[in-house]
Structure formats: structure tokens, C-alpha cells
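Me: I am new to this structure and would be grateful for a close look at a single part of it. Please explain how that part sits among its surroundings.

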Amino acid sequence: MLHYRRRNSTEPAPTPQGNPVHALVGFCNYSYDRVGHVDTPMLRALLSSFNESYIYLYLRIFNEANPALLRSFMEREQINPSNLLHIYHILRERGYDLRDLPSLL
């Protein structure tokens with residue numbers, strides 16, 4: 001958002017505050033259809049325990065998300081990596097084609 005100020009103003013320009021929404025949430029919400037959007041608490045819950053109705057998000061996260069982005073979200077939200085490993089192994093057992101795990105964590 002642009003902030004305008006008068007010329008020769010002694011008032012300092014406002015500094016933008018940090019974005020509270022993590023980039024991984026924006027990555028998961030790639031569609032314009034708001035029905036499938038998730039917010040930060042919902043994504044934290046999805047990465048903490050497996051939910052079968054959100055397999056499309058797990059596939060997008062494991063196959064397409066930047067590993068550094070995933071790691072930073074897990075650190076910020078204090079998600080245990082073993083939970084993510086458990087979800088990964090469930091999807092592998094069901095026959096989904098996933099990227100290799102060492103590149104993710």
C-alpha cells in the first residue's frame with residue numbers, strides 16, 4: 001500500500017509492519033476460489049496431524065513447496081518434524097508420488 005506525504009514534511013514516512021501471514025499459507029492458497037483457502041491455524045493443524053480431506057494440499061506442499069519455506073513455517077509455528085514425517089509416510093503407503101524426503105527437511 002502506498003503512503004503519500006506532503007513535500008518538505010518533517011513528519012517521518014510510515015514504515016510498513018511485517019506481514020503476519022507466512023508465505024507458505026499464500027502458496028497453499030493458490031486458487032482464487034476462497035472455498036479451499038486455509039489460514040495459519042488451519043495449516044498448523046494440517047501439518048501436525050493427517051487429514052484425508054486435504055490430500056491435495058499435502059501433495060502441493062511436499063512436491064512443489066520450497067523446502068526452506070516449509071522449514072521456516074515449521075520453526076515459526078513450532079511443528080514437530082516427526083509429525084510431518086508421519087504424514088509423508090502415510091501418503092507414500094497410499095501410493096502417491098512424492099519428492100524425496102531428505103530434500104524437504
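Reply: Contact here means heavy atoms within 4.5 Å, and helices are DSSP runs (H or I, at least four residues), numbered from the N terminus. This is a predicted model, in which local features need pLDDT of at least 70, side-chain atom pairs count only at pLDDT 80 or more, and totals for chains, interfaces and linings use all residues. Residues are numbered from 1 along each chain as its sequence is written, and side-chain values use heavy atoms, with hydrogens and water left out.

The part chosen is helix α4, which spans residues 67-76. Its buried residues (under 20% relative accessible area, 1.4 Å probe, protein chains only) are P67, L69, L70, F73 and M74. Seen down the axis of α4, these fall within an arc of 160°, taken from the directions from the helix axis to the C-beta atoms, so they line one face of the helix. That face packs against α1 (23-28), α2 (40-48), α3 (55-64) and α5 (81-93). After α4 comes Q78, with a positive phi near 55°.

Among these neighbours, α2 has T40, L43, L46 and L47 buried. They fall within an arc of 120° when seen down the axis of α2, so they too line one face of their helix. The buried residues of α2 pack against α1, α3, α4 and α5.

The wider setting is the largest nonpolar core, a set of buried Ala, Val, Leu, Ile, Met, Phe, Trp, Tyr and Cys residues joined through side-chain atoms within 4.5 Å. This core has 25 residues, and L24, L43, L47, Y58 and F62 have the most contacts inside it. At least two of its residues come from each of α1, α2, α3, α4 and α5, with the largest share, 5 residues, supplied by α3.

Terms used
Buried means under 20% relative accessible area, exposed over 50%, partly exposed in between (1.4 Å probe, protein chains only).
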